[in-house]
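Reader: I'd like to go through some of the labels on this one. Can you walk me through the reasoning behind them?

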Amino acid sequence: MASAAMNPVRSLSDAHPTPFWLDDPARPEARPALVGDEQCDLLVIGGGYTGLWTALRAKERDPQRDVVLVEAQEVGWAASGRNGGFCAASLTHGLGNGMSRWPGELPALERLGQRNLDEIEATVARYAIDCDFERSGEIDVATAPHQIAELQQTARDAERLGLGGYEFLDRDAVRAEVDSPTFLAGLWNRTGVAMLHPARLAWGLKRACLELGVRIYEHTPAERPVTGGGAVRVATPYGRVRARRVALGTNAFPSPVRRIRPYVVPVYDHALMTEPLSPDQLAAVGWQRRQGLSDSANHFHYFRITADQRILWGGHDIVYRFGQRVRAEHDHRPATYRTLAEHFFRCFPQLEGVRFSHAWGGAIDTCSRFSAFFGTAHGGRIGYALGYTGLGVGATRFGADVMLDLLDGQDTERTRLRMVRSKPLPFPPEPLRWAGIGITQWSMTRADRRGGRRNLWLKAMDKAGLGFDS
C-alpha cells in the first residue's frame, strides 16, 4: 500500500468535513432565539468576532449601556470559529500593505496594533478565557529565491520605522526553528502575533458579554434596518428590535446596508488539520518555540502547531464564486484539499504517514485594499467595520472600538487616521467582478512561477490601488 507521502490523497481518507475548532465538547449551547419585542441602546448584528468585541467593548466603556446581540446561526460558527488562530497585531494586513497605502501613519498604526494585541491578551486573562493563547510570534518563510530579498527589505523597513521584534533568519537559522527542505530564509516577528484556539475565543467572549449583561439571541437573523423616529427598527423572524444605534458585524455575508456591498466580496479559504504528532514526529520538524508560519508566495500557506501537537495547514487556493454567493455547499472543495495535502508533504517529507483528521473551508470577507474599512450609514445611526481579509482575529477588536467611536460621535486618535477615514475602491458589478478576480488569480499564480515577476495586469492593479500584492 502506498504511503501518505507517496500518495497524499490517502492521508485524507479519514478527515472529517468539519472545522476542527468547532468539533469540541466545550462548545456551548446556543442561546434561545428572540421572540417578541426588544428595545436597547445598541443592537449588534452578527455573533462573530466583530460583533462580540463590539458588544463587549460597549459594556466595558459604559456598563449602563443596554446592548442586544443577534446572530443568524450560532456565535462563532463562521469565519471566527474556523480560522487558523493567528492573532496578529497588524491592522494593515502586514507591513508591506501598510507601507504602500499609509506610509506616513504606519508607525501610529503599528503602535495602535501592538496596544490592541496587548489588550486582547489582557482581556483573555481578565475573563479567564481558555483559548490556548500563546504569544509565540510568526515566521514568514521564503520558499523561492526572489522571496529572500523581499524578506530582507521588510526587515530593513521595520528597522527604519523603529519597529522592534523583527529578526531576519538565513536558511540555517530558519531551519533550526522549524525544519523543512523548502525553507530558504525567514523573517521572525517575535512579538506581534499570538496563536490561539479561535472558537474558544469566540465562546469566551460570548460568556464575558453575558456576564456584563449583554442579551444574546442566536438563530435570529436580522432583516434590513429601517430608521425613523429617532431610532432604528430591525425585524427578526419572531420579533423586532428598536435601538438607538446599530453596529454591523456581518463581514462576508451580504450587508443589511446595500450601499456597502460593492466594497466587499466573499472568498473561500480552506484548511487541513493533522492527527496529533508523536514525540518522534515532533522531533523531526523541531518547532520547539511554536511560532505560527506562512510562506511568502502570492498563493501562500499558513500553518501552526496546536496545543495538542497537531499541525494546521491552510491557504493557497482562494476561491471566488460568481455572484458573491455564500452557501454551505461551497465550503468544501476536494481539489483544494488534495493540493493542500500534496504541498504539506512537500514541505514536511519527514512526516510521511501522518494523516489528516479534519478538512474544512468557508467564506471570509475581502476588500480591494486587503485591510478593514469603517463607516456609518443612516445618519450616523448604523456603524460598520469589515474587509479584514483573514486577519480579523486581532483587528476586529480595533474595528469594534472604531465603530463605537463613530457611533458615539467621538473624535479619537483612531477616527483621525487616514486609514479609518478612507474607503477602498469598490469592486465592479458582475460579470466584470468575476472576470477580474479570475484574471488576477491567474496572474498571481504565474508570478509565483516566474520568480515574482508581475505581469501588466498586476502592475495595472497596483497602480489603481487594488490590494493584490499580498
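Author: Sure, starting with a cut-off: buried means under 20% relative accessible area, exposed means over 50%, and partly exposed is what falls in between. Keep in mind that this is a predicted model.

Reader: OK, so what makes Asp118 count as partly exposed?

Author: Its relative accessibility is 39%, and partly exposed runs between the 20% and 50% limits, so Asp118 gets that label.

Reader: And why is its contact with Arg135 called a salt bridge?

Author: The label needs a side-chain nitrogen of Lys or Arg within 4 Å of a carboxyl oxygen of Asp or Glu. For Arg135 and Asp118 the N to O distance is 2.8 Å, so the pair qualifies. Asp118 sits in helix H4 and Arg135 in the loop between H4 and strand S4, so the bridge ties together parts 17 residues apart in sequence.

Reader: Asp408 and Arg65 also meet in a salt bridge; which of these words fits Arg65, buried or exposed?

Author: Buried: Arg65 has 12% relative accessibility, and the limit is under 20%. Its partner Asp408, at 35%, is partly exposed. Their N to O distance is 3.1 Å. Asp408 belongs to helix H10 and Arg65 to the loop between H1 and strand S2, so this bridge spans 343 residues of sequence.

Reader: Why is H1 called oblique to H10?

Author: The two helices pack at an angle of about 50°, with axes 8 Å apart. Under 35 degrees would be roughly parallel, and 65 to 115 roughly perpendicular. The angle fits neither range, so H1 is oblique to H10. H1 passes H10 in a right-handed crossing.

Key
Residues numbered from 1 in each chain as written. Predicted model: local features only at pLDDT ≥ 70, side-chain atom pairs only at ≥ 80, totals over all residues. Heavy atoms only, no water. Axes fitted to C-alpha atoms, helices over the stretch in contact; angles between N-to-C directions. Helix = DSSP H or I, 4+ residues; strand = E, 2+ residues; numbered from the N terminus. Parallel < 35°, antiparallel > 145°, perpendicular 65-115°, else oblique. Left-handed = near helix turned anticlockwise from the far one by under 90°. Buried < 20%, exposed > 50% of the residue type's maximum accessible area, 1.4 Å probe, protein only.
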